[in-house]
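Please open the model in your viewer and keep the sequence panel visible, since the tour moves from one selection to the next.

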Amino acid sequence: MQAKDTINLLLENSPSGTITAKQVTECGVHRSVLQELVEAGDLYRYGRGLYIRSDTWEDDFYLLQCKYGRGIYSHDTSLYLLGYSDRTPAKYTMTFPKGYNAPSLKQESVIIRRVIPDNYSFGIIEIKSPSGNPIRIYNLERTLCDIVRGSGSDIQVVNEAMKRYAASKEKNIHKLMKYAEQLRVGPKILRYMEVLL
């Protein structure tokens, strides 16, 4: 099988139309073939080691997370993806563990949040992006705690999300309060819930 056929097979088996340099190397194909396909216009280089078929619709949510694997969509972006905000974020918000440093991240149109490792991994769920690819975000309870805790979230967006949550049949007050205690926003969350419930 020729190198380009191997790459085409990998792309056919990728529902997102993406391929990594690592995958190509693992198949025994030299990475220079990727550069040839970029020059021919068949592939587009999205980031270091990440390539997309030129005829594929770019799913920014998915591609950004492929590029920065430790990033979890959070705050206003998570609210939007969960259907608790009608405002499409102008910039996506991603949370990273403290100490994570990717120099190229500063060039992205991303709001970067950092948390201590103890507070990084709880509340992560996987959902489908608007284009149907798997992405990781914080669940609703974690997101509500984050937007109340941090600065930068519009108070109207926060109030509307809290109202929708209080009226929701899926609300889990126990989980919300547990997260609020861990993130040290218990009194703030309690005040919202006392008013709304």
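## A tour by selection

Begin with Ile 19, whose bridge partner in strand S3 is Tyr 51; helices (H or I, at least four residues) and strands (E, at least two) are DSSP runs, numbered from the N terminus. This is a predicted model, in which local features need pLDDT of at least 70 and side-chain atom pairs count only at pLDDT 80 or more, whereas totals for chains, interfaces and linings use all residues. Residues are numbered from 1 along each chain as its sequence is written, and side-chain values use heavy atoms, with hydrogens and water left out.

Extend the selection to S1 and S3 (residues 50–53), which pair in the antiparallel sense over three bridges; two strands pair if DSSP finds at least two bridges between them. Adding S2 gives an open sheet of three strands in the order S1-S3-S2, with antiparallel pairing. Strand S1 (18–20) and strand S2 (43–47) stand at the edges with a single partner strand each, so one side of each has no neighbour in the sheet. Neighbouring strands of this sheet are turned by 35° against each other on average, direction ignored.

Next, show helix H3 (residues 32–39), which packs on the sheet and touches S1, S2 and S3, its direction making about 115° with that of S2. Axes are lines fitted to C-alpha atoms, for helices over the stretch in contact, and angles run from 0 to 180 degrees between N-to-C directions; contact means heavy atoms within 4.5 Å. Helix H4 (residues 60–67) also lies across S1, S2 and S3, running at about 60° to S2.

Now select Ser 74, in the loop between strand S4 (72–73) and helix H5 (75–81). Ser 74 is buried, with a relative accessible area of 0%, where buried means under 20% relative accessible area (1.4 Å probe, protein chains only). Leaving aside neighbours within four places in sequence, Ser 74 is in contact with Thr 93, Met 94, Thr 95, Tyr 138 and Asp 146.

Tyr 138 leads to the next stop, as Tyr 138 in S8 stands opposite Ile 124. Strand S7 (residues 124–128) and strand S8 (residues 134–138) run antiparallel and are joined by five bridges, and Lys 128 stands opposite Pro 134 in S8. Five residues lie between the strands of this hairpin, in which Gly 132 takes a positive phi near 95°.

Then display helix H6 (residues 140–149) and helix H9 (residues 186–196), whose axes come within 10 Å and cross at roughly 110°. H6 and H9 are therefore roughly perpendicular to each other, the class for angles of 65 to 115 degrees. Here Leu 144, Cys 145, Val 148 and Arg 149 in H6 meet Lys 188, Ile 189 and Tyr 192 in H9.

Finish with the largest nonpolar core, which has 21 residues, those with the most contacts inside it being Leu 79, Leu 144, Cys 145, Met 162, Tyr 165, Leu 176 and Ile 189. Such a core is a set of buried Ala, Val, Leu, Ile, Met, Phe, Trp, Tyr and Cys residues joined through side-chain atoms within 4.5 Å. H6, helix H7 (155–167), helix H8 (173–182) and H9 each supply at least two residues of this core.

Note on methods: Parallel < 35°, antiparallel > 145°, perpendicular 65-115°, else oblique. Buried < 20%, exposed > 50% of the residue type's maximum accessible area, 1.4 Å probe, protein only.
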